[in-house]
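Grab a pencil and work through these exercises one at a time. Try each task yourself before reading its solution.

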Protein chains: 4
Amino acid sequence: MNRIKTAIVGASGYTGMELLRLLLVHPGVELVAATSRQEAGKSLADVFPRFGAAPGAALRFIEPDPDVIAATGAKVAFLALPHGVAAEIARALLERGLRVIDLSADFRLRDAAVYEEFYGHAHPAPELLAEAVYGLPEIRAEEIRAARLVASPGCYPTSILLPLLPLLRENLIDPATIVANSMSGVSGAGRKADLTLLFCECNESARAYGVPKHRHLSEIEQELSLAAGEKIIITFIPHLIPVNAGIATTTTAKLREGVSPDAIGAALEKAYAGESFVRLLGKGGCADTKNVTRTNFIDIGWQHDPRTGRVLLMSAEDNLGKGAGGQAVQSFNLMCGFKATDGLQNF
Amino acid sequence: MNRIKTAIVGASGYTGMELLRLLLVHPGVELVAATSRQEAGKSLADVFPRFGAAPGAALRFIEPDPDVIAATGAKVAFLALPHGVAAEIARALLERGLRVIDLSADFRLRDAAVYEEFYGHAHPAPELLAEAVYGLPEIRAEEIRAARLVASPGCYPTSILLPLLPLLRENLIDPATIVANSMSGVSGAGRKADLTLLFCECNESARAYGVPKHRHLSEIEQELSLAAGEKIIITFIPHLIPVNAGIATTTTAKLREGVSPDAIGAALEKAYAGESFVRLLGKGGCADTKNVTRTNFIDIGWQHDPRTGRVLLMSAEDNLGKGAGGQAVQSFNLMCGFKATDGLQNF
Amino acid sequence: MNRIKTAIVGASGYTGMELLRLLLVHPGVELVAATSRQEAGKSLADVFPRFGAAPGAALRFIEPDPDVIAATGAKVAFLALPHGVAAEIARALLERGLRVIDLSADFRLRDAAVYEEFYGHAHPAPELLAEAVYGLPEIRAEEIRAARLVASPGCYPTSILLPLLPLLRENLIDPATIVANSMSGVSGAGRKADLTLLFCECNESARAYGVPKHRHLSEIEQELSLAAGEKIIITFIPHLIPVNAGIATTTTAKLREGVSPDAIGAALEKAYAGESFVRLLGKGGCADTKNVTRTNFIDIGWQHDPRTGRVLLMSAEDNLGKGAGGQAVQSFNLMCGFKATDGLQNF
Amino acid sequence: MNRIKTAIVGASGYTGMELLRLLLVHPGVELVAATSRQEAGKSLADVFPRFGAAPGAALRFIEPDPDVIAATGAKVAFLALPHGVAAEIARALLERGLRVIDLSADFRLRDAAVYEEFYGHAHPAPELLAEAVYGLPEIRAEEIRAARLVASPGCYPTSILLPLLPLLRENLIDPATIVANSMSGVSGAGRKADLTLLFCECNESARAYGVPKHRHLSEIEQELSLAAGEKIIITFIPHLIPVNAGIATTTTAKLREGVSPDAIGAALEKAYAGESFVRLLGKGGCADTKNVTRTNFIDIGWQHDPRTGRVLLMSAEDNLGKGAGGQAVQSFNLMCGFKATDGLQNF
């Protein structure tokens, strides 16, 4: 297999660690650069002993200098950086001829004003928004294949959009009644020395946070609106629970009058037949994060409540997998002409 | 303090264990009987080494024979038994002059037909339903004080009812839009040898279950309907998460047109001023289970989303505490004329 | 009960939190001061929502100024400060007439040179070492009663000393063969924003650390040597495991030739008969941390291996309880003439 | 690659699950049979939703009938059965021409009398003991390559033997002073409905068990004795901790007089140079289970304590990986002429 020279920019956080885990053994990847301001000079194996014997783990972290990255011959760069920071380096790498898969929020929104509303600062590279592709491979495979700049979706949005989009496209539910509840593992909060993320603060704890206007709402509502052909606003409630990784989301909405509940299952089947990473659990299936951790799968089950007329969508993914690194590699496979499952065949 | 002779019937499960924890050191209690078919003959200390040095831990489990229990001189009996089983022994103990605090579902519903619909069998003692008091002390203190038979509420219902009832009574929200999402610790599933409750099956796992018609909906909807003065049906989605104890619930509903969001906080303040075990976190407060485990507190915060017009209620309790054993002791204190915090002053 | 005006200096860490939990509801305590440089100005309830409704939780953290503390009328001060820092403030408080219970390592060693060897800096108050009492209440109750300055033992030392001391005093084991292995919950590492203490770094992880010369060896060997009447050096291996609290220690040593294994149990029984907080599990008893968390108990079981001639001692305590805050309150009760179990009757 | 028809007998426990995880995607394996009395008739995907989209997951569990297994054309069978049960089916499969890799204890001991002493019943197939190879690939690669019957080592023994064997072979330590302490994840206790393995019983708990004569001592001492050329008896203390998987072991022994501590590192380096799955952490390296979970690696660090003259060996492995399924696949790779890392290149 033709191995693509690849860089990871911002490789010392949890998303970066997941990208390393996948790319170090991806048959189509030659990892030529991994950056980290904090760890520059150390080897991957020094920072992540888990990778101690992996091929390529002797590679040393470098500073995130675009010229140095380009000089490695990298053709594709994954960015696992904070929003605001990612856009600048994405621009610099694009100018040097690399294709970019950005895992931050910087290129997910089409409208710079919405970005500013939700992220609190002006967009650092608005001129690139038009060409960026929101990288949900199940929805935009063709555009991703050809893309120069992919904005890989957020973890919560992935778990909410994949179950909902087919229902909205077929006009089965009333968008004004959508409520999405998510529970996320602690890795979703990042690898930073923060008192609230200590073991003793998170263990034996469960709580909502970030309500009522979590930043991920911006991309969720953008994509739902595109699918529905009308402006959609939803309620989204994220929670933190004591697991390392995994998101379980339960989304409810009223079925439109006259729609048969069976249409739910049919719409999901139609949308995801042939997809490698969406596993449909059918009616009554309650997705469990423990079945998807460290994989690129999203499991989706559904239920209908005749008492309330609501449909329930239960989805589970790994926030670092299908919700971040795995999904980015899925886009990478499309961009490079690899098989969907290359480097993602983990169980 | 006058010590009341007290029995616990069904004391070897997790709810029984919590009752033991509280009652062994309650200043107004003399524990005279604890029953368990499985553990009969062993001491409390044998079965629960945690209580090894507690006063009274040498007491031996006995079979749940009503005559034997009555012969101990017990004036009050707590029942921590499966539904269906509790009703029979409750009747027998009432006939022998004891007052009964039942922690099962058997006496929570006023309508035997609803019981049969949700629990799948005819009610074992329908003649007692009329006198049973649904034991939410913040709502029915007077009736509990005088009660011969208290039906202590379920864990999920407590976490949903206490935030919602004041809003419904004041007609602030649209009942048709209520969606309640709960996450529960594993102790809520009971202490039984079941493959799905093994450490390795629950750890690093999160999932919905029991949708769309969990049994607790029956009592939730009964009490909401009573408060609203109309029949209410809601969506309730329970989830299992890897903590020993604790329930975090997030409930949403549309604010009625013209109602000021501030009315939410005001209604909660009015309802729970002076209550010992409801801690109001105010607007923006996100209740965290880690602050309430092993206590009888319920923490309640709220938020308003002007984008959707929905109110969010975030509540947290210990499913074994305020959701079971603690709340039952709270009723006991009312019934016996003790101070609200007697035996419940734990942090 | 006569309530003693009490201060906690350094009350915003995990040990401070445990002291607050115990002292806020201790019947003999009036908490008049709690200090924290970081949290000065906030109330106890602000920093620790768990205590939100506790009597006295409106108290505000103050800076650790000895004059201000003395001005509150405090008669006793608990110090939960880092080593090196504690000694200075202990001296200042003693000079102002307070009695001091220090939970740091500063006054545990009789020899300032040993302190310097293990802690890496000169002792800050060597003139106080002679009068400080190493506060193991089961061993030195009389001295603690009269003490002006108590050095409350470390968490690991408590779990190792209590099982071993009776065996050494009676010369039952060969001290040169002692190996102690401990597993500690993460709260033992303190409440500080440190990457290695993040949930995702500690969860699903187990590892040894701090070998071969953990600081606690200094006080362990001092006390073992005193009991044996000879200089003792042991092997001690601490491990970190993913629980909030609790230490389980297994200590092995060769039985001296000719000693009957039964002498082990007899020595333990003799040493701890009548002690409120040592629970002997007998031969074959394997102590489990889950039975002692949030209590002041230490559970001790033992076993003999005729194949190797070794005795095994299995002990469990809460590192924040008997290993820190609980034990300090136990000394406090002695110093103030309270009952042993006052304020410590938790299960 | 030539794909070997392979069977897993007893595939519904945790070890079976790990074997499935590895073999379903092993490039050299065609899985033709998986047996389970309890799950017969269900597909692998039904029982283990994690494998829902794996190639081959539609395979259905069958009863463990040797004729049926042989009829599938299987050339190799992995046995993940309880001891006592495994021997009978191993014999039947060998008679039918299959090669057998047994993960139970049945063929690990050379002496049937020792088996009976430790396992409490007569050996079910003593005539096979002479040809069985104790399958530690780092120690007996040549014999494993040619073997018809491999006895894959126990989880604890692997973590104790690999660090110790080189030291004993070179006579660096005094065998009479060996003490091994291990902490194991709960999956090591198996997938069975047992009250003591419930989430709430294991979470927030740590305890020793099975002392002083855990069954694994039999194979540990056999292999240590073979390496040392003399009969060796050691102290081994297993503990249960709340992680799904992973064993951390700390082993201590006195360095023989006159031996330089550097000889420890040198012996380890010499023994494991070129080995794919032993990662030496060097002096001061404290192995952490989180770096080896879901891999076939064992990490080994060491330390020397000049105060006591003891060496400390810190090792970590996944009890289901290098301690069970991974190691069995490592032997399989040897037996089939595959590369050492085939199917085991996970991180």
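**Exercise 1: the surface and build of chain A**

The accessible surface of chain A is about 10900 Å², and carbon and sulfur atoms own 50% of it (areas by the Shrake-Rupley method with a 1.4 Å probe; for residues, only the protein chains shown count as cover). Before going on, note that this is a predicted model, where local features need pLDDT of at least 70 and side-chain atom pairs count only at pLDDT 80 or more, while totals for chains, interfaces and linings use all residues. Residues are numbered from 1 along each chain as its sequence is written, chains are lettered from A and ligands numbered from 1 in the order written, and side-chain values use heavy atoms, leaving out hydrogens and water.

Task: work out whether the radius of gyration of chain A agrees or disagrees with that of a compact globule.

- Step 1. The rule, taken over C-alpha atoms, is 2.2 Å times the number of residues to the power 0.38.
- Step 2. For 347 residues that rule gives a value near 20 Å, and chain A has 20 Å, so the two agree.
- Step 3. For the outline, the C-alpha trace of chain A spans about 60 × 45 × 40 Å along its principal axes.
- Step 4. Buried residues (under 20% relative accessible area; exposed is over 50%, partly exposed in between, with a 1.4 Å probe and protein chains only) make up 64% of the 347 residues in chain A.

**Exercise 2: a helix in chain C**

Task: find out why helix α1 of chain C counts as largely enclosed.

- Step 1. Helices are DSSP runs of H or I with at least four residues, strands are runs of E with at least two, and both are numbered from the N terminus.
- Step 2. Helix α1(C) covers residues 14-23, and 8 of its 10 residues are buried, so the rest of the structure largely encloses it.
- Step 3. Among the buried ones are Tyr14(C), Glu18(C) and Arg21(C).
- Step 4. Their cover includes α8 of chain A, along with β1, β2, α2, β3 and α11 of chain C.

**Exercise 3: one glycine**

Task: describe where Gly326(A) sits and what it touches.

- Step 1. Gly326(A) belongs to helix α11 (residues 321-336) of chain A.
- Step 2. Its relative accessible area is 2%, so Gly326(A) is buried.
- Step 3. Leaving aside residues up to four places away in sequence, Gly326(A) touches Leu22(A), Asn296(A), Leu320(A), Gly321(A) and Leu344(A); contact means heavy atoms within 4.5 Å.
- Step 4. Lys42(A) is 284 residues away along the chain, and its C-alpha atom is 25 Å from that of Gly326(A).
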